[in-house]
Amino acid sequence: MTKVKICGLKNQTDIKCINTLSPDFAGFVMFFEKSHRNISVQTAQELLALLDKNIKSVAVTVSPTEEQLEQIHTLGFDYVQIHGKISEKLLSECKTPVIRAINVNGIESIDDIENLDNVKGILFDSAVPGSGKSFDWSMLEKLPKNQKMLFLAGGLTADNVAKAVAQLRPFAVDVSSGVELADKSGKDFELVRTFIENARNSK
C-alpha cells in the first residue's frame, strides 16, 4: 500500500487532524522564511511533542546549513527532507536520515545520491516546489527501482492522487497545498481524510 505524507503542518489544530487521520509521515517546513508554512525551532519542538509517535516526522528544508541540520537532529526528527543545494560532504555527514528532493527538471542528478547510505528516500517534485502544480508523471515511469523510498509530490490533490498511485505505484505520495484550508491557515480535515483514503485505496 502506498504511504502518505502530509506536509506543511504548522499548528496544534493540524497535529490533531494528523493524529486522528494517521498518515505515515508528517512534514514541517523549517529555516525557509519565504514559505507561509515555515515554523520556528520552538514551534517545531512543541508540535513534535504532540505528534503521534507512530507517524514519522520530517523536517523540510531548502539548502540547509550544517548548523541547521544539527538543530534538526537535536529536535529528534525521524527524517530531514532537503531541497535546493547541499554539498555531498554535508549530505553524507548528516546525522538524520535524508529524503533528498529532486526537481523533475534535474532528474539526471539522481545518480549522484543513489549510493549515499544515509539518503533513505528520493522525493520528486514539480519544477516549482511548493507551487501546488503537477507535472507529467510519465517522466518517472522508466526510473529503475532501487532500495530508496520514492516519494511523489507536486500538485497532488484528493481528486488526482488515486490516478497518480495507479500509474506509478510510488512508495509514498506527498501533499501540502492540495489539502489546505482556503485561507491557508492550516489543513482542511476533510481534504486530508479524502486524500489519505484515495491514496491508500487506489487500485
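How many disulfides does the structure hold? The count is zero in this model, which is a predicted one. Two cysteines can be placed by their accessibility. Cys-7 has a relative accessibility of 6% and counts as buried. Cys-17 is buried too, with a relative accessible area of 4%.

Strand β4, residues 79–83, is a useful place to start on the strands. Five of its five residues are buried, so β4 is largely enclosed by the rest of the structure. In a regular strand, side chains alternate between the two faces of the sheet. In β4, one side carries Tyr-79, Gln-81 and His-83, the other Val-80 and Ile-82, and with all of these buried both faces are covered.

β4 has strand partners in β3 and β5. β3 runs parallel to β4 and is joined to it by five bridges; Val-60 has Gln-81 of β4 as its bridge partner. Together with α3, these two strands make a right-handed β-α-β unit. The pairing of β4 with β5 (residues 98–103) is also parallel and spans three bridges. Here Val-80 stands opposite Val-98 of β5. Between β4 and β5 the chain passes through helix α4, residues 88–93, in a β-α-β crossover that is right-handed.

Helix α2, residues 41–50, has a buried side and an exposed one. Its buried residues include Ala-44, Leu-47 and Leu-48. These cover an arc of only 105° around the axis, which puts them on the same side of α2. The general basis is that an α-helix has 3.6 residues a turn, so residues three or four places apart point the same way. The buried residues of α2 pack against α1 (12–21), β2, β3 (56–62) and α3 (66–75). On the face turned away from that buried side are the exposed residues Gln-42, Gln-45 and Ala-49.

The aromatic residues supply a further set of contacts. There are five aromatic pairs in the structure. One of them joins Phe-25 and Phe-151 edge-to-face, with 5.3 Å centre to centre and 70° between the planes. Phe-25 belongs to strand β2 (residues 25–29) and Phe-151 to strand β7 (residues 149–152), so this pair ties together parts that are 126 residues apart in sequence. Both Phe-25 and Phe-151 are buried. Ring pairs also link these two residues with Tyr-79 and Phe-171 in a cluster. Tyr-79 brings the account back to β4, where it lies on one side with Gln-81 and His-83.

Definitions and conventions: Residues are numbered from 1 along each chain as its sequence is written. This is a predicted model: local features need pLDDT of at least 70, side-chain atom pairs count only at pLDDT 80 or more; totals for chains, interfaces and linings use all residues. Side-chain values use heavy atoms; hydrogens and water are left out. Rings of Phe, Tyr and Trp (its six-membered ring) pair if their centres lie within 6.5 Å; planes under 30 degrees apart count as stacked, over 60 as edge-to-face and the rest as tilted. Helices (H or I, at least four residues) and strands (E, at least two) are DSSP runs, numbered from the N terminus. Buried means under 20% relative accessible area, exposed over 50%, partly exposed in between (1.4 Å probe, protein chains only). A disulfide is a pair of cysteine sulfur atoms within 2.5 Å. The arc is that of the directions from the helix axis to the C-beta atoms. Contact means heavy atoms within 4.5 Å. Two strands pair if DSSP finds at least two bridges between them. A crossover is right-handed if, with the strands pointing away from the viewer, the path from the first strand over the helix to the second runs clockwise.
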